[in-house]
Protein chains: 2
Amino acid sequence: MDEQRIRCSDLRARVLSADEAQAYIRDGMTVAVSGFTKSGDAKAVLQALAARVQRTGDPLKINLLSGASLGETDAIAAKAGIIRSRAPYQSEPVLRNSINRGEVKYTDQHLSHTAEYVRSGCLGEIDLAIIEATAITETGGIVPTTSVGNSPIFVERAKQVIVEINVNTPAEYEGLHDIYLPAGRPNRAPIPITRPADRIGTPYIPCDPAKIIGVVFSTLADTPSSIVPADHDTQRMAEYILEFFDHEVRHGRLPNHLAPLQSGVGSVSNAVLSGLAASRFENLEIYTEVMQDAVFELFGAEKIAFASASSFTLSQRMARHVNDNLARYRDKLVLRPQEISNHPEVVRRLGVIAMNTALEVDIYGNVNSTHVNGTHMMNGIGGSGDFARNAGLTIFVTKSIAKGGRISSVVPFVPHVDHTEHDVDVLVTEQGIADVRGLAPRDRALTIIQNLAHPDYKEALLEYFKRASQHGGHTPHLLTEALRWHQRYVETGDMRVRQLAKVTG
Amino acid sequence: MDEQRIRCSDLRARVLSADEAQAYIRDGMTVAVSGFTKSGDAKAVLQALAARVQRTGDPLKINLLSGASLGETDAIAAKAGIIRSRAPYQSEPVLRNSINRGEVKYTDQHLSHTAEYVRSGCLGEIDLAIIEATAITETGGIVPTTSVGNSPIFVERAKQVIVEINVNTPAEYEGLHDIYLPAGRPNRAPIPITRPADRIGTPYIPCDPAKIIGVVFSTLADTPSSIVPADHDTQRMAEYILEFFDHEVRHGRLPNHLAPLQSGVGSVSNAVLSGLAASRFENLEIYTEVMQDAVFELFGAEKIAFASASSFTLSQRMARHVNDNLARYRDKLVLRPQEISNHPEVVRRLGVIAMNTALEVDIYGNVNSTHVNGTHMMNGIGGSGDFARNAGLTIFVTKSIAKGGRISSVVPFVPHVDHTEHDVDVLVTEQGIADVRGLAPRDRALTIIQNLAHPDYKEALLEYFKRASQHGGHTPHLLTEALRWHQRYVETGDMRVRQLAKVTG
Ligand SMILES: CC(C)(COP(=O)(O)OP(=O)(O)OC[C@H]1O[C@@H](n2cnc3c(N)ncnc32)[C@H](O)[C@@H]1OP(=O)(O)O)[C@@H](O)C(=O)NCCC(=O)NCCS
Ligand SMILES: CC(C)(COP(=O)(O)OP(=O)(O)OC[C@H]1O[C@@H](n2cnc3c(N)ncnc32)[C@H](O)[C@@H]1OP(=O)(O)O)[C@@H](O)C(=O)NCCC(=O)NCCS
């Protein structure tokens, strides 16, 4: 055993195998684990639990809380049928299917809210927290790995804690993290962050060693991110955003180094952020929840002065680069609890520029980030609402079409709303950009349709809007047709009206 | 002239009649006025402008910004056709109709956002600010009357300012207000409010006297609020909320004096808040945007330790009482800019309990606060989103039916979303209360239907949900039927399926 990994000597006697550790988990427990968009998740114990249940057939279901999505552990646990409920985020196809069949109860939460719900007690008690760590300090402090997520509040509130020490993580992770939790109310003070680089807490998660019932050594790697590289469309979207930033700077509405940037999960957001590498902007700051590959590309292009987030979610190649160059990034990065990386107080104070990906937007600027066809969960709202709602400038990006053109991502009416038109400033597709700040709904509709819709759908959208407007109202709609595009897709696999359909009405 | 009303002697020479002052307003100008939910609005100059345009037929349209709704001045201006665009809130039937006809471009904003939009410049320049005041200080500082609203940011940004001194307002208003504006970014500091009673600014709106081009004396009174008194239904709703608070206190999830309370505009919110007068709770604090009559009833019942808001919106009787007893309220009240009363930073820090009224809610807990039938604007989102989104506990109340039962306010699918299910913790109708914190959508649906729906609609909602669930999905819906209830109301004036309709399908 590497004594540097467990510096609190009392805990050295509590080393367990993953299989021994999983035995602490009993049916009906609420288990809260580290992990944020596939990074730094507690893997070994949950996987051992899944294996046990599959081996023995024991009936066992847990309520599983985390920071955000776990890597393949979410799939393994879902396959083993051990998840009764899940919050606050997920993105694994196997788990997603269980959710959409109604087998797993998924509560889709703003990622900054989960800690408050835990604190208030309304999610019940946390029986066990399982936290991946790179080391345990002399006083029991837990040093996280590639994410912080909700681990600090889980450790504070859980009755018992198991630490998974991942021996493949470099010891140099220590010092990257900044752990700060707001005090309970009514004695809560302002969060003293006024710049992304401000450090306000400890480099480890404080934990009473008496609470740590086991320490498990693990060698399981994070599930790498599978980001699709930039393509022609996402490059166009990045160009529109850069032109827009330029325009705002020229009009004195943004400073030269812009404002701290947030960029959401997924391929589109990653590609758009990469686009900044070729821009004239310098000394940028990042205040986001997930650093995808693009952030490190921007470091490579010497565009970034500092980056703050709650996790790394990297391709295998980029993860290796970061691990090998930690010394270089030490003073340029910080990983925080998601409650702080996404906190409305800080996001609003800094005037963050929030860039997130929509599944679809409607002609008035309402955004659906989560529900395919209004019913089937994709990933969850994640932090998009934390940022969109409180940012200085809120941008949503989406390709104008999906599924080879059979879906228009600009629709008359989104069948699920995650972000209301009140929270959306700018929308971007590969067709163009729509700055809808200060516009009334009818003007928003014309701008959105003209600038964003794919040519295959533009006429139909305009026609919908014109006919709806004849019926009056602040936000004209035709209730009988508002959801028809989605219905048509469900029935025929294509939102477009085919010739036949045109003839028969 | 009362010299105490204009203590800055330079300005005494700039006294104008309302009619002289209105001549400064030219076609196409952006005019920003004081006023928040009918209180402390600048009345004289706009009314004189409307009269001039009606007299002369001059073509003149302005972009009109305010804190929130103006009193009858909104109606007078709308009737005269002088409003081209309007933001961020309104509640006057005449203006509302112009908006719904598409004649006035209305931008419905979160009330804490308008100041940020003004600051960023994306609403264009403010040509003229008109601010109702009770006095002007030696240095040009403007002492507001019954509301603060957006006046501080308007005064800071406007090219020119006109002050309307309302000589019927008691001089004792001075000292009630606390004016603080966050600095421009990136040098913004935390807002140092940690208790509702904290005073952090000046008792007047700082203003360079050189910017004040005119001072107008006015005697026009605020339009009184027309709140409908509590009825059996609203009393039931108040009882459910009180029982819920009791329950939360017993389970250690709320302290004995609860948390600072916010209560929205309208009759329902007012009645619910009044209900606290008969409760066991004491030493309550209010952190809200509008103090309606209920707040002063609670003061009368000695329930409130302190109240912070951005305006008074009172019945004639209560307004008289407050004016006559200002000395009594001096240390118990503060009026702040709406950017501060509604600020996400403070709302989240204090863990405000937000209680707002919905027009309707859907079975998953999404809330429509603004659009009748999804198309026609009622009042606007106001501050409901500022509070709901960032509060410690978010409650929405609504009667289960409207229009004599022809409308169910619990529907399969809201045709407009102002608050998403992510932001809604507890829902209340006269039928019951639904605590949906931590529940997955299918469980939310059953709880909402069982606890909140009116008996006339409960079966139909359950039936919709059950059939939808057969098609799977995280949030089951039937796209062809989701909006049918509203469509039926538009077509027949009744959401209920009549016998005939049942027979023919
Ligand atoms: C919306 C989101 C799923 C987009 O992901 P992405 O990888 O950038 O985008 P893609 O274009 O590759 O789309 C992902 C999938 O959605 C599908 N899709 C896109 N638009 C669609 C639409 N309008 N209707 C149905 N499906 C759509 C794509 O076809 C693709 O499907 P596939 O997985 O079968 O190939 C992702 O950004 C997300 O999960 N957002 C919510 C959380 C969030 O915003 N967090 C931000 C803070 S972390
Ligand atoms: C939603 C809101 C209009 C309710 O107002 P209220 O006075 O408490 O409630 P009432 O029950 O009297 O309803 C007001 C009107 O809406 C109608 N209404 C209520 N539910 C309805 C529904 N589901 N569909 C259509 N109309 C409905 C009522 O019949 C009534 O109509 P009337 O004016 O013709 O009599 C009001 O709270 C509001 O404007 N909210 C948005 C802003 C806000 O929440 N601000 C809070 C922070 S200030």
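How many bridges join strand 18 of chain A to strand 19 of chain A, and do these strands run parallel or antiparallel? Two bridges join strand 18 (residues 360-362) to strand 19 in chain A, and the two strands run antiparallel. Strands here are DSSP runs of E with at least two residues, helices are runs of H or I with at least four residues, and both are numbered from the N terminus; two strands count as paired if DSSP finds at least two bridges between them.

This is a predicted model, in which local features need pLDDT of at least 70 and side-chain atom pairs count only at pLDDT 80 or more, while totals for chains, interfaces and linings use all residues. Residues are numbered from 1 along each chain as its sequence is written, chains are lettered from A and ligands numbered from 1 in the order in which they are written, and side-chain values use heavy atoms, with hydrogens and water left out.

**The sheet in chain A**

Strands of a sheet pair through backbone hydrogen bonds, either parallel or antiparallel. In chain A, three strands form an open sheet in the order 19-18-25, with mixed pairing. Strand 19 (367-368) and strand 25 (410-411) of chain A stand at the edges with a single partner strand each, so one side of each is left without a neighbour in the sheet. Within strand 19 of chain A, Asn368(A) is the bridge partner of Glu360(A).

**The surroundings of ligand 1 and ligand 2**

A residue is near a ligand if one of its heavy atoms lies within 4 Å of it. Ligand 1 has 24 residues around it, and among those that come nearest are Glu289(A) and Lys403(A). Ligand 2 is likewise surrounded by 24 residues, with Glu289(B) and Lys403(B) among the closest.

The table lists some polar contacts, that is, pairs of N or O atoms within 3.5 Å.

| Ligand atom | Protein partner | Distance |
|---|---|---|
| Ligand 1, oxygen | Val265(A), polar backbone atom | 3.2 Å |
| Ligand 1, nitrogen | Leu359(A), polar backbone atom | 2.9 Å |
| Ligand 1, oxygen | Asn379(A), side-chain N or O atom | 2.7 Å |
| Ligand 2, oxygen | Ser267(B), polar backbone atom | 3.1 Å |
| Ligand 2, nitrogen | Ser409(B), side-chain N or O atom | 3.2 Å |

Taken alone, ligand 2 exposes 960 Å² of accessible area (Shrake-Rupley method, 1.4 Å probe), and the protein buries 78% of that. Helix 8 (267-274) and strand 17 (353-357) of chain B each give two or more residues to the shell around ligand 2.

How values were computed:
A polar contact is a pair of N or O atoms within 3.5 Å; within protein, one must be able to donate a hydrogen and the other to accept it, and residues adjacent in sequence count only if both atoms are side-chain atoms.
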